[in-house]
Amino acid sequence: MAEALRHVGISKLVLHAWERRYQQPLAERTETGRRYFTADQVYRLILLKECSDAGYRIGTIISLPIESLAEIARAHHKLINLTPLLDAIRRMDAIAMKTLLEEHLAVETPAEFGKATVAPLMKEVGRQWSEGTLSIAAEHMVSAEIRGMLSICLNSLPLDPAAPKAIVATFEGEHHEIGALLATLLARNAGLAAVYLGPNLPIDDIVSAAEASSARVVCLSCLIGKARNLKPRLERLRQTLPVPIEIWTGGPGFSEAPVISGIRHFSEIGEFEKAAETLARGEKAPSRRHAARAD
Ligand code: B12
């Protein structure tokens, strides 16, 4: 027991306090009453300690399954990684920010950079901005840099003229474009000839662009928006766009929108990548014309 607790980094007193306060036995007992840990219990304690160090209250996490604790701990590690970057952004130090972003890009593939650096970074920027600890100017500075870097990443992936085509955009009024840029990057990385059209696009323009470019799929990103506004737009897009052209949506704005026949929503970016790979390989991605949600 003592050895395990040393390994975890908590004292016997802390262990007993957690068990007493939250009525959760965290160790086993032999028939003779001696206490011991299984390997899973040690792992669980390590995760509880990490989450508690990250600022989570033990009372709110002690009953979580191991997978959820591991997810919290992973997100915390990622954030620690991003701390120098977030500090540079807060100081409005554009040179340090750019250097640190380039360091990430030097060791990550473009797709990893998008998923493992850009997405968590922008989420944290948004959190700090809404809490008032990060200025609007700082958010604009990082958004502009990230847009530029994602465009460079996109250019580093060649457009295969023989690959099925995809176009990516956001609806009129939606100015958040980093999610759409990321979707373009991942679709191209998966083998589609994905082209980013930009944000804020009227439905008729999306339809004519899809037809003119012989797109197989139209991808839309949406971060904000009310289901009651998005539903009629999605329905109109589906009705106007010829049926063989698929519509794939992603982003938190669309996650509240109702299921619409013929539209496939992705709440997991990995599922989107898989669907893009399937389409690129020439196998038609499973049609979701009825009750179509990938989640
Ligand atoms: C940068 C930013 C802006 C920039 C955008 C710059 C640009 N050119 O893109 C600017 C300053 C323009 C902006 C404006 C506004 N913003 Co803003 N913004 C953000 C911020 C900080 C980051 C967004 C971002 O780029 N994320 C990076 C991407 C990669 O992450 P993501 O979109 O979540 O993507 C993941 C998934 O959603 C998914 N995904 C996304 N798109 C797609 C598409 C497909 C096909 C698929 C498969 C998957 C997928 O994949 C990603 C990886 O998992 C967010 C914070 C946040 N938590 O997101 C706020 C945020 C989205 N903004 C917010 C708000 C309120 C606004 C404004 C209304 C502010 C204002 N009062 O003016 C305006 C609205 C503008 C408009 N009409 O669109 C709120 C939205 C709250 C809400 N739910 O309603 C947020 C959450 C900030 C907050 N915490 O309050 N914003």
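Reader: Which residues does glutamate 177 touch, not counting residues up to four places away in sequence?

Author: The model is predicted: local features need pLDDT of at least 70, side-chain atom pairs count only at pLDDT 80 or more, and totals for chains, interfaces and linings use all residues. Numbering starts from 1 along each chain as its sequence is written, and side-chain values use heavy atoms, without hydrogens and water. With contact taken as heavy atoms within 4.5 Å, glutamate 177 touches Arg147, Tyr196 and Pro199.

Reader: Where is glutamate 177 found?

Author: Helices (H or I, at least four residues) and strands (E, at least two) are DSSP runs, numbered from the N terminus. Glutamate 177 belongs to neither of the two elements that flank it, strand S3 (165-171) and helix H9 (178-189), but to the loop between S3 and H9.

Reader: Does glutamate 177 count as buried or exposed?

Author: Buried means under 20% relative accessible area, exposed over 50%, partly exposed in between (1.4 Å probe, protein chains only). Because its relative accessibility is 17%, glutamate 177 counts as buried.

Reader: Which residues are the closest to the ligand?

Author: The shell around the ligand holds residues with a heavy atom within 4 Å of it. There are 29 such residues, and the closest are Gly173, His175, His176, Glu177 and Ser221.

Reader: How many residues does H7 give to the shell around the ligand?

Author: Serine 221, one residue with a polar contact (N or O atoms within 3.5 Å), has a side-chain N or O atom 2.7 Å from a nitrogen atom of the ligand. The elements that give two or more residues to the shell are helix H7 (110-131), helix H8 (136-156), H9, strand S5 (217-221) and helix H13 (269-280). H7 gives the most, and its count is 6 residues.

Reader: How far is a polar side-chain atom of arginine 147 from a nitrogen atom of the ligand?

Author: Glutamate 174 places an N or O atom of its side chain 3.3 Å from an oxygen atom of the ligand. For a polar side-chain atom of arginine 147 and a nitrogen atom of the ligand, the distance is 3.2 Å.

Reader: Which residues is glutamate 124 in contact with, leaving aside neighbours within four places in sequence?

Author: Glutamate 124 is found in helix H7. This residue is buried, since its relative accessible area is 8%. Its side chain has a polar contact of 2.7 Å with that of arginine 127. Beyond the neighbours within four places, glutamate 124 is in contact with Leu79 and Leu86.

Reader: What share of the chain do buried residues make up?

Author: The chain has 13 helices and 7 strands. Of its 295 residues, the buried share is 43%.

Terms used:
Polar contact = N/O pair within 3.5 Å; in protein donor to acceptor, adjacent residues only side chain to side chain.
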